[in-house]
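Trainee: Got a minute to walk me through this model?
Mentor: Sure, pull it up.

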Amino acid sequence: MTSETRCLEPGAVAVPGYLADTYWWAYVHPGAVRLFERQWLVNLILWGNFGRLRDAALDALGDCSQGRTLQVACVYGDLTRRLLEKHSPGGRLDVVDVLPVQLDNLARKLPRDAPVELVHGDSTSLPSSSASYDRALLFFLLHEQPEAARRATLAEALRVVKPGGRIVIVDYHRPHGLNPLYAPMAGVLSALEPFALDLWRHEVAEWLPRAPAGLSKHTSFGGLYQRIAITV
């Protein structure tokens, strides 16, 4: 399958207030894109774990060479390019993001003939039909959302993935008490990412609108990160 990478017209999709107010410095301002779109910097922010977390997420998605995959929100670094490689020769990849600046940045990172559709839309109200995807990936998205938006994003992911399909979530997790990064990360997240500590206090399953057919969770790096695979 080959097609041109394209962005749908922005239309009336508004930037959520929490994103504009809290994360303007990381995602919204064009200067943020110029600053953070560095593979080494993304890896540094994740304490050298970006590659391991990326590869674990891609492995958890399973075979992507057929069917449709949805990546919910753009990601700095090479995650989408690596995900695209898993879709050869027959799979289809869509990436949805509420920020046109992020979609434009991703388009510049991908081959011009990449079989990807870049969609301007909000994760809390996805512009996709129900049961239209075989799998979905949420990579370090939930910690950036307040609870209401997080619940809506998870509900939408469950809605658009087919029964028997898979949702993979990678995000922060409460580290073990003896993890030397426990106190530093608590301080950093409290100061810069005020919704992130919700993932230290609660299980992601608590925000699902219904019990899925299956759910497995793995933690890594002293409990600081979690990978969840949900069978719809």
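Mentor: We can go through the cysteines, the core, the rings, one helix and two single residues.

Trainee: What kind of model is this?
Mentor: It is a predicted model.

Trainee: Cysteines first. How many disulfides does the count come to?
Mentor: The count comes to 0 disulfides.

Trainee: Why is there no bond at Cys64?
Mentor: Distance. The closest cysteine sulfur to that of Cys64 belongs to Cys74, and it is 17 Å away, too far for a bond. The cut-off for a disulfide is 2.5 Å between the sulfurs.

Trainee: Is Cys64 buried or exposed? And Cys74?
Mentor: Cys64 is buried, at 1% relative accessibility. Cys74 is buried too, at 12%. The cut-off for buried is under 20%.

Trainee: On to the core. How many residues has the largest nonpolar core?
Mentor: It has 49 residues. Val116, Leu137, Phe139, Phe140 and Tyr172 have the most contacts inside it.

Trainee: Which helix gives the largest share of this core?
Mentor: Helix 5, residues 50-61, with 6 residues.

Trainee: Where is the other core?
Mentor: Apart from that one lies another core, of 25 residues. Leu126, Leu154, Ala157 and Leu199 are among them.

Trainee: Back to Tyr172. What does Tyr172 touch?
Mentor: Setting aside residues up to four places away in sequence, its partners include Phe140, Met185, Leu189, Trp200 and Tyr225. Polar or charged names are on the list as well, including His143, Glu193 and Gln226.

Trainee: Lots of rings there. How many aromatic pairs are counted?
Mentor: The count comes to 13 aromatic pairs. Take Phe139 and Phe140: their ring centres are 5.1 Å apart and the planes meet at 70°, so the pair is edge-to-face. Both residues are buried.

Trainee: Which residues do ring pairs link into a cluster?
Mentor: Phe50, Phe139, Phe140, Tyr172, Phe221 and Tyr225.

Trainee: What about charges over rings?
Mentor: I can give you two. Arg68 lies over the face of Tyr133, 4.3 Å from the ring centre. Arg150 has its charged end over the ring of Trp207, 4.4 Å from the centre.

Trainee: Which residues of helix 8 are buried, with Arg150 in mind?
Mentor: Arg150 is one of the buried residues of helix 8. The others are Ala149, Thr153, Leu154, Glu156, Ala157, Leu158 and Val160.

Trainee: What do they pack against?
Mentor: The buried residues of helix 8 pack against two helices, helix 1 and helix 10 (198-201). They also pack against strand 2 (68-72), strand 5 (133-139), strand 6 (161-172) and strand 8 (225-231).

Trainee: How does the span of helix 8 check out?
Mentor: It agrees. Helix 8 has 14 residues, 147-160, so at 1.5 Å a residue it should span 20 Å, and its end C-alpha atoms are 20 Å apart.

Trainee: You mentioned helix 1. Where does Thr22 sit?
Mentor: Thr22 is in helix 1, residues 17-22. Thr22 counts as buried, at 18% relative accessibility. Beyond its neighbours within four places in sequence, Thr22 contacts Leu192, Pro194 and Phe195.

Trainee: Last one. Where does Leu110 lie?
Mentor: In the loop between helix 7 (100-109) and strand 4 (116-120).

Trainee: Is Leu110 buried or exposed?
Mentor: Leu110 is buried, with a relative accessible area of 6%. With neighbours within four places in sequence left out, Leu110 contacts Thr80, Arg81 and Val116.

Trainee: And how far is Leu110 from Asp78?
Mentor: They are 32 residues apart in sequence and 9.3 Å apart in space, C-alpha to C-alpha.

Methods:
Residues are numbered from 1 along each chain as its sequence is written. This is a predicted model: local features need pLDDT of at least 70, side-chain atom pairs count only at pLDDT 80 or more; totals for chains, interfaces and linings use all residues. Side-chain values use heavy atoms; hydrogens and water are left out. Buried means under 20% relative accessible area, exposed over 50%, partly exposed in between (1.4 Å probe, protein chains only). Helices (H or I, at least four residues) and strands (E, at least two) are DSSP runs, numbered from the N terminus. Contact means heavy atoms within 4.5 Å. A nonpolar core is a set of buried Ala, Val, Leu, Ile, Met, Phe, Trp, Tyr and Cys residues joined through side-chain atoms within 4.5 Å. Rings of Phe, Tyr and Trp (its six-membered ring) pair if their centres lie within 6.5 Å; planes under 30 degrees apart count as stacked, over 60 as edge-to-face and the rest as tilted. A charge sits over a ring if NZ of Lys or CZ of Arg is within 6 Å of the ring centre and within 35 degrees of the ring normal. The expected span of a helix is 1.5 Å times one less than its number of residues.
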